[in-house]
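Trainee: I have a new model open and would like to talk through its sheet and its ligand. Could you walk me through them?

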Amino acid sequence: MIEEIKGDANGVSGVVFKNTHTGMVKELAVPGVFIFVGYEINNEILKQEDGDMLCACDPHGAVVVDLAMRTNIKGLFAVGDIRTQAAKQVVCAAGDGATAALSALAYLEGH
Ligand SMILES: Cc1cc2nc3c(=O)[nH]c(=O)nc-3n(C[C@H](O)[C@H](O)[C@H](O)COP(=O)(O)OP(=O)(O)OC[C@H]3O[C@@H](n4cnc5c(N)ncnc54)[C@H](O)[C@@H]3O)c2cc1C
């Protein structure tokens, strides 16, 4: 378990970690650290008072969308990491956003 990330204005220089089985604490010199944030999808915003989701989600909690980023609720679009089968990359989220913007425009023009 990481106890401390060491560094200064020039960047990371090392980590102090603890072996949770033995309790032994060691320091390791490293030039950088990648933070793993996990796979849990932050979909809290879609949870309604009765616990149901606002729109259809897959078993992992990701919003189901079609290729135009439309959810099953008319006029509601989902993009980026929250959508099903997302590549979870910045460029993909931005592309989704452009697609959704065009879909939203088409939706509004139809009304
Ligand atoms: C540590 C780390 C490193 C990464 N490195 C790379 C990389 O090198 N290259 C790459 O392509 N991708 C990388 N990614 C992935 C990339 O950051 C995401 O794929 C991308 O940011 C997804 O964009 P998004 O708009 O879907 O979500 P986000 O960028 O997460 O934006 C969602 C926004 O919604 C806000 N929000 C959440 N809940 C609410 C709410 N209830 N009300 C209002 N606002 C809310 C959040 O605060 C956030 O600002 C990395 C991700 C992490 C965590």
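Mentor: Happily! One definition to begin with: two strands count as paired if DSSP finds at least two bridges between them. Keep in mind that this is a predicted model.

Trainee: Then which residue is the bridge partner of valine 15 in strand 3?
Mentor: Strand 2 and strand 3 run antiparallel and are joined by 5 bridges, so by the rule of at least two bridges they pair. One of these bridges involves valine 15, and its partner in strand 3 is leucine 28.

Trainee: In what order do the strands of the sheet lie?
Mentor: Strand 1 is joined to strand 2, residues 11-18, by 6 bridges. Strand 2 in turn has 5 bridges to strand 3. The sheet is open and its pairing antiparallel, with the 3 strands in the order 1-2-3.

Trainee: Why is one side of strand 1 and of strand 3 left without a neighbour in the sheet?
Mentor: The open sheet has the order 1-2-3. Strand 1 (2-8) and strand 3 (25-29) therefore stand at the edges, and each has a single partner strand.

Trainee: Which residue of strand 2 stands opposite isoleucine 2?
Mentor: The two strands here, strand 1 and strand 2, run antiparallel. Along them, glutamate 4 stands opposite valine 16. For isoleucine 2, the residue opposite is phenylalanine 17.

Trainee: Which residue takes a positive phi in the hairpin of strand 2 and strand 3?
Mentor: The hairpin from strand 1 to strand 2 passes through 2 residues. The hairpin of strand 2 and strand 3 has 6 residues between the strands, and the one with a positive phi, near 80°, is glycine 23.

Trainee: Now the ligand: how do the residues of its shell divide?
Mentor: The residues around the ligand are Ile35, Val37, Asn42, Ile45, Gly80, Asp81, Lys88, Gln89, Val90 and Ala93. Glycine is counted among the polar residues. The shell then divides into 5 nonpolar, 3 polar and 2 charged.

Trainee: Which residue has a polar backbone atom 2.8 Å from an oxygen atom of the ligand?
Mentor: Lysine 88 offers a polar backbone atom at 3.4 Å from a ligand oxygen. Glutamine 89 uses a polar side-chain atom instead, at 3.1 Å. The backbone atom at 2.8 Å belongs to valine 90.

Trainee: And how much of the ligand's accessible area does the protein cover?
Mentor: On its own, the ligand has 1000 Å² of accessible area. Of this, the protein covers 36%.

Note on methods. Residues numbered from 1 in each chain as written. Predicted model: local features only at pLDDT ≥ 70, side-chain atom pairs only at ≥ 80, totals over all residues. Heavy atoms only, no water. Helix = DSSP H or I, 4+ residues; strand = E, 2+ residues; numbered from the N terminus. Near = heavy atom within 4 Å. Polar contact = N/O pair within 3.5 Å; in protein donor to acceptor, adjacent residues only side chain to side chain. Areas by Shrake-Rupley, 256 points an atom, 1.4 Å probe, with all protein chains shown as cover.
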